[in-house]
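Colleague: Before I rely on the labels attached to this model, I would like to hear the reasoning behind each of them.

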Amino acid sequence: MELKQLRKKSADELGSHLLDLQKEQFSLRMQKATGQLNKTHEARRVRREIARVNTLLGQAQAGQAAQSKNKQGRAS
C-alpha cells in the first residue's frame, strides 16, 4: 500500500492493518522455514510496510502529545 493511502487511514485502521501485516509476515516466515516460499521479495515488502505503519502511528502519537501539551500550556 502506498504511503499516501496509509496517511488517509485513522489510527484504528492503521492498527488493524498492522495486525494483518504481522500475520502475513508470520505466514511468510513459516513458508520460508518449510521451503515453500516462492516469492522471497514478499518478506521484504511486508517488513518495510510494517515499518511504514509503525512510523505513521508514532507520528500520530507524537502529534497528539504535542497538541495536548499546547492545550495544557494555554490553560495555565
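The exchange below takes up the salt bridges and then the nonpolar core.

Modeller: This is a predicted model, in which local features need pLDDT of at least 70 and side-chain atom pairs count only at pLDDT 80 or more, while totals for chains, interfaces and linings use all residues. Residues are numbered from 1 along each chain as its sequence is written, and side-chain values use heavy atoms, with hydrogens and water left out.

Colleague: Why is the pair of Arg45 and Glu24 called a salt bridge?

Modeller: The term requires a side-chain nitrogen of Lys or Arg within 4 Å of a carboxyl oxygen of Asp or Glu. For Arg45 and Glu24 the N to O distance is 2.8 Å, so the pair meets the definition.

Colleague: What makes this pair a link between parts of the chain?

Modeller: Helices are DSSP runs (H or I, at least four residues), numbered from the N terminus. Arg45 belongs to helix H3 (residues 41-75) and Glu24 to helix H2 (residues 11-34), so the salt bridge ties together parts that are 21 residues apart in sequence.

Colleague: Which other partners does Arg45 have, and how do you know that they qualify?

Modeller: Glu42 meets Arg45 at 2.9 Å, N to O, and both lie in helix H3, 3 residues apart, or about one turn of the helix. With Glu49 the closest N and O atoms are 3.4 Å apart, and here the separation is 4 residues in helix H3, again about one helical turn. The count by this rule is 3 salt bridges, and a network of them links Glu24, Glu42, Arg45 and Glu49.

Colleague: Why is Glu49 called buried, whereas Arg45 is called partly exposed?

Modeller: Buried means under 20% relative accessible area, exposed over 50%, and partly exposed in between (1.4 Å probe, protein chains only). Glu49 has 3% and is therefore buried, whereas Arg45, at 33%, counts as partly exposed, as does Glu24 at 31%.

Colleague: What makes up the largest nonpolar core?

Modeller: Such a core is a set of buried Ala, Val, Leu, Ile, Met, Phe, Trp, Tyr and Cys residues joined through side-chain atoms within 4.5 Å. The largest one has 11 residues, among them Leu14, Leu28, Val46 and Ile50. H2 and H3 each supply at least two residues of this core, and its largest share, 5 residues, comes from H3.
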